[in-house]
Amino acid sequence: MNRSVLALFAHPDDEAFGTGATLAHYARSGAQVGLVCATNGDVGEIAEGVDATPETLWRVRQDELRCAADNLGVHDLIFLNYRDSGMAGTEQNADPRAYINAPAEEVVRRLVGIIREQRPQVVITFDPSGAYGHPDHIAIHNHTVAAFHAAGDSAQFPDDGEPWQPQRLYYAAFPQSFWARLRDELAAAGEDVSQWDSAEAGDRGWPDDQVTVAMAMPDTVDAKLAALECHASQFGGENMFRKLPADVMRDLLCREFFALAWPEPAPGLILDDLFAGLEVA
Ligand SMILES: [Zn+2]
């Protein structure tokens with residue numbers, strides 16, 4: 001049985017920052033790598049100098065994600081083609097085409113079909129907060145958790161493929177120490193970090209002691225950087241990582257972190273690999 005990993009995110013570029021080095025790492029080591037993107041990032045801000053309008057942005061971002069997926073070595077890239085729901089509290093939330101307004105049963109059915117076809121042992125998505133509360137991030141989290149558990153149940157969606165139960169569900173989970181280091185590196189580079197230090201900013205990130213897998217992947221950070229460059233409409237000249245010295249940027253970006261969500265880990269469990277201890281590893 002080949003190793004297989006499936007990552008499910010909401011927008012083009014969600015995959016690159018949190019999991020790009022990891023997806024490239026497993027693709028290079030011979031695992032099957034699948035990526036599901038729920039929306040086309042239709043309503044985000046457009047970085048300066050990019051040839052896109054609000055009308056064409058969905059197509060530009062699909063092409064950017066194809067470019068990124070190629071660089072990462074993703075084998076199967078699947079667009080669900082929902083509309084970006086926009087940030088919480090914006091008028092886009094009410095658009096009937098918005099991903100957050102799609103019936104959960106419809107989305108979960110599609111994800112179950114994809115899981116049963118791809119047969120991953122490892123599934124990755126956002127944490128319950130959607131990393132920073134974007135409604136689409138929270139939606140793909142909820143739909144993925146439901147599909148993860150339904151895919152192996154022959155009584156659910158019996159017309160959507162042979163049952164397949166993935167063995168592990170992980171959340172991409174940058175820990176508080178990562179954000180604290182990024183803040184310090186930005187300060188050292190002379191950037192204004194007052195927003196980071198404001199009371200409203202609070203504690204960014206996942207508690208360090210709940211991170212199950214922390215991987216440093218200098219061998220695939222170039223693939224991740226290339227993927228980020230593909231996302232030109234989002235990874236513009238003002239991106240905070242571009243303010244850092246190149247060696248610092250690479251050292252930060254090569255590190256990715258995952259919290260095991262299912263099966264529920266024993267407190268303090270540390271794994272050195274997403275597949276560690278699985279019979280396929
Ligand atoms: Zn996103």
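**Exercise 1.** In this predicted model, a disulfide joins Cys67 to Cys230; work out which parts of the chain are tied together by the pair.

*Solution.* Begin with the sulfur atoms, which for Cys67 and Cys230 lie 2.0 Å from each other, a distance that falls within the 2.5 Å used to recognise a disulfide. A disulfide is a covalent bond between the sulfur atoms of two cysteines. Next, place each partner in its helix: Cys67 belongs to helix α2, which covers residues 57-72, and Cys230 belongs to helix α8, which covers residues 221-230, so the pair links parts that are 163 residues apart in sequence. Finally, consider the handedness of the link between Cys67 and Cys230, which is left-handed, with -55° about the S-S bond.

**Exercise 2.** Decide whether Cys67 is buried or partly exposed, and then do the same for Cys230.

*Solution.* Cys67 has a relative accessibility of 31%, and therefore counts as partly exposed, since the partly exposed range runs between 20% and 50%. Cys230, with a relative accessible area of 11%, is buried, because buried means under 20%.

**Exercise 3.** Find how far Cys37 and Cys254 are from the nearest cysteine sulfur, and state how many disulfides a search of the whole structure finds.

*Solution.* Take Cys37 to start with: the nearest cysteine sulfur is that of Cys230, 14 Å away, and Cys37 is in no disulfide. Cys37 is also buried, at 1% relative accessible area. Turning to Cys254, the nearest cysteine sulfur is again that of Cys230, here 19 Å away, and Cys254 is in no disulfide. Cys254 is buried as well, with a relative accessible area of 4%. The search of the whole structure finds one disulfide.

Note on methods. Residues numbered from 1 in each chain as written. Predicted model: local features only at pLDDT ≥ 70, side-chain atom pairs only at ≥ 80, totals over all residues. Heavy atoms only, no water. Helix = DSSP H or I, 4+ residues; strand = E, 2+ residues; numbered from the N terminus. Buried < 20%, exposed > 50% of the residue type's maximum accessible area, 1.4 Å probe, protein only.
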